Amino acid sequence: MTDRREDENVIALLERQHVEIRTLFEVVESATGDKRRDAFHDLVRLLAVHETAEEEVVHPEVRNVDGGDAVVDARVGEEHRAKRLLSTLHDLGPDAEGFDILLTELKADVLAHAEHEEREEFPLLRKLHDEDRLRSMAGAVRAAEMIAPTRPHPGVESATANLLLGPPLAIMDRARDAIRSVLKR
Ligand SMILES: [Fe+2]
Ligand SMILES: [Fe+2]
């Protein structure tokens with residue numbers, strides 16, 4: 001689903017992922033059976049990669065801006081809450097009782113969080129760096145995407161892919177390693 005666009009800057013890439021996240025929530029809510037399970041696993045993957053990328057690539061930069069710390073602290077709090085909820089949902093699985101209620105809660109949290117980022121945080125990043133720098137920062141996010149790509153052919157080998165990827169926290173650890181190796185931290 002996420003196609004690679006080499007000239008895309010980090011803000012455009014993260015905002016495109018926000019749209020993709022919203023769409024996946026809608027598919028999980030409306031689909032049934034395998035389609036629902038596959039969409040949920042895509043959502044787990046994308047959210048794990050996306051939030052890790054923001055924590056590693058965007059937040060540290062925005063902390064350098066005047067007033068940036070407060071903005072980042074608020075976003076990190078929202079991300080921690082979303083991660084806990086995501087792990088709970090992953091452990092429950094989409095067929096469990098109570099899943100739908102928690103999914104609705106996670107969707108509301110995540111979409112509000114994304115809106116806060118777009119309105120309060122990304123503009124600070126845009127002020128801080130020029131277009132070239134913003135483009136090169138996208139490379140670290142793409143490196144994270146590549147450890148957990150969404151499947152090119154939905155429905156094919158999904159069970160195997162999901163087993164290999166493991167729970168959200170494991171995906172986040174691997175995404176963090178991939179990003180740090182690009183950033184040479
Ligand atoms: Fe985020
Ligand atoms: Fe985000």
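**Helix α3 and its surroundings**

The cover over the buried residues of α3 includes α2, α4 (99-128) and α7 (168-183). Here contact means C-beta atoms, placed from the backbone, within 7 Å, buried means 20 or more other C-beta atoms within 10 Å of a residue's own, and helices are DSSP runs (H or I, at least four residues) numbered from the N terminus. This is a predicted model, in which local features need pLDDT of at least 70, side-chain atom pairs count only at pLDDT 80 or more, and totals for chains, interfaces and linings use all residues. Residues are numbered from 1 along each chain as its sequence is written, with chains lettered from A and ligands numbered from 1 in the order in which they are written.

Val 72, Arg 75, Glu 79, Leu 86, Leu 89 and His 90 are the buried residues of α3. Just after this helix, Gly 93 adopts a positive phi of about 85°.

**Packing of α2 and α5**

Helix α2 (residues 33-62) packs against helix α5 (residues 131-147) at an angle of about 145°, their axes being 9 Å apart. Axes are lines fitted to C-alpha atoms over the stretch in contact, and angles run from 0 to 180 degrees between N-to-C directions. From α2, Val 49, Thr 52, Ala 53 and Val 57 make the contact; from α5, Met 137, Ala 140, Val 141, Ala 144 and Glu 145.

**Nonpolar core**

The largest nonpolar core (buried Ala, Val, Leu, Ile, Met, Phe, Trp, Tyr and Cys residues joined through C-beta atoms within 7 Å) has 41 residues. Val 10, Leu 43, Val 141, Ala 144 and Ala 175 have the most contacts inside it. The greatest contribution, 12 residues, is from α2.

Definitions and conventions
Helix = DSSP H or I, 4+ residues; strand = E, 2+ residues; numbered from the N terminus. Contact = placed C-beta atoms within 7 Å. Buried ≥ 20, exposed ≤ 12 C-beta atoms within 10 Å, placed from the backbone.
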